[in-house]
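Got your viewer open and your mouse ready? Let's take a walk through this chain, one selection at a time.

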Amino acid sequence: MSVALFFAVAIVCFYTGLLLQRCMDADPHIRSYSDIGEFAFGQRGRITVAIFMYIELYLIAVSFLILECDNLDNLFPNLEFQFLSQEIKGKQFFLLISALIVLPTTWLRNLDGLAYISAGGVVASVVLLCSLIWIGVTETGFQKKGRLVNFSGLPTALGLFFVCFTSHAVFPTIHASMREKTRFSKVLQISFALCTFNYGAMAILGYLMYGDDLQSQVTLNLPAGKIGSKIAIYTTLINPFAKYALTITPIALSIEEWLAFRHKRSYSILVRTLLLLSTVMTALSIPFFGLLMAFIGSSLSIMVSVLFPCVFYMKIYRDSGRSRVEMAVIGGVMAAGILVSVVGTYSSVLQIIGSL
């Protein structure tokens, strides 16, 4: 039942990706998601898109730090010590260490090298999936079961499903860089098929291996000391170090331009350092990876990947005589997106508050 919903989310996000392509085809000067917002609704559209995109990027950067400290704490459990009469626990220590390691990468202006490293995320996903299969075959087996129906978990699950496919913000950039732009739909088909297979396989394996005992990150369930577990955890640890700077840089550049610090190196370093410190404080305040990702999916990913494409498409092509069937489909997608967003955001916020 859950896999059926997962496929439905994948189809909806693929469809809204096609809507974005049609929006881009309306004007050859469109090169970014913000450009689409401006083309549809003027400067207000550009600002609205930018706000949602930057908040989403910021929270994803926070989730990277949580991911690091959770997995490091799993590798080195029960770490606790006193520092200046303050008790420092393992997760807090590893969060600070992760921030210090990633800090120099945020100061870089040329991120070409990190871009190539982050492209290894595709390889890392395959390695993680293979490691999980290996552990399932050699250690845990695939016999676990969970509850048949658990409606209370549905809002969180749907939020996480949407996070899997929340890449629409970069679609216009990819489209603009292609020589044969007419083949963009083919790119979407291949990308969504690969992502759906990888995420779906990971979900099914995690369920069959751990059932209701599955934690927010499957690496936290893996047996300690096993080679397969170490490969999976180390692979998971490497990615955020490279991706954090790439994620936070658009926000930093926007702040620097707004404050006219773009060409002042020292001020740029200060802005990026303060931005990193703010994500550390947020991660210390909300150290719940699964709930944070569900909140991102419900409140931001649905907005950027479902609602905005539909609204922009209907606005840009309002005078083009689109069929009633198409408008009905788009209206249905928007209604479902709003419902899932409201219920999912409310549910994730309540769970985060209850966990604090």
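Start by selecting G146, which is partly exposed because its relative accessible area is 24%, where buried means under 20% relative accessible area, exposed over 50%, and partly exposed in between, using a 1.4 Å probe and protein chains only. Before you click on, know that this is a predicted model, where local features need pLDDT of at least 70 and side-chain atom pairs count only at pLDDT 80 or more, while totals for chains, interfaces and linings use all residues. Residues are numbered from 1 along each chain as its sequence is written, and side-chain values use heavy atoms, with hydrogens and water left out.

Back to G146: this glycine lies in the loop between α5 (121-140) and α6. Those labels come from DSSP runs numbered from the N terminus, with helices being H or I of at least four residues and strands being E of at least two. Leaving aside residues up to four places away in sequence, G146 touches Y207 and D212; contact here means heavy atoms within 4.5 Å. Now add P309 to your selection: G146 and P309 are 163 residues apart in sequence, and their C-alpha atoms are 36 Å apart in space.

**Next stop: the aromatic rings**

Select F6 and F165. They form a tilted aromatic pair, 5.5 Å centre to centre with 40° between the planes. The rule for pairing is that rings of Phe, Tyr and Trp (its six-membered ring) have centres within 6.5 Å, and planes under 30 degrees apart count as stacked, over 60 as edge-to-face and the rest as tilted. This pair links distant parts of the chain: F6 sits in helix α1 (residues 2-25), F165 is in the loop between α6 (154-164) and α7 (171-177), and 159 residues separate them. Are these two rings buried or exposed? F6 is buried, with a relative accessible area of 5%, and F165 is buried too, at 3%.

Widen the selection to F6, F7, F14, F161, F165, F171, F184, F192 and Y199, and you have one aromatic cluster. Across the structure there are 14 aromatic pairs.

For another ring, try F41 with K315. The lysine lies over the face of F41, at 5.4 Å from the ring centre; to count, NZ of Lys or CZ of Arg must be within 6 Å of the ring centre and within 35 degrees of the ring normal.

**Now colour the cysteines**

A disulfide is a covalent bond between the sulfur atoms of two cysteines. How many disulfides are there? Counting pairs of cysteine sulfur atoms within 2.5 Å, the answer is zero. Click on C23 to see why: the closest cysteine sulfur, in C310, is 9.3 Å away, too far for a bond. C23 is also buried, at 0% relative accessibility. C164 is in no disulfide either, and the nearest cysteine sulfur to it, in C195, is 8.5 Å away.

**Walk along some helices**

Select residues 324-355 for helix α12. Its 32 residues reach 46 Å from first C-alpha to last, close to the 46 Å expected at 1.5 Å a residue; the expected span is 1.5 Å times one less than the number of residues. Buried residues in α12 include E326, G337 and S341, and what covers the buried ones includes α1, α6 and α11 (289-316).

While you're there, select S298 in helix α11. S298 is buried, with a relative accessible area of 0%. Not counting residues up to four places away in sequence, S298 touches P155, G159, S341, G344 and T345.

Then move to α10, residues 265-285. Its 21 residues should span 30 Å at 1.5 Å a residue, and its end C-alpha atoms are indeed 30 Å apart. Among the buried residues of α10 are S268, R272 and T282, and the buried residues pack against α2, α3 and α9 (227-258). Over in α9, A245 is buried as well, at 0% relative accessibility.

**Last stop: what the record says**

An unreviewed UniProt entry lists several spans as "transmembrane region", including residues 190-210 and 328-353; its positions use the numbering used here, feature names are shortened, and annotations may be inferred rather than shown by experiment. Select residues 190-210: the span is 100% helix and 0% strand, with end C-alpha atoms 30 Å apart. Finish with residues 328-353, also 100% helix and 0% strand, where the end C-alpha atoms lie 37 Å apart.
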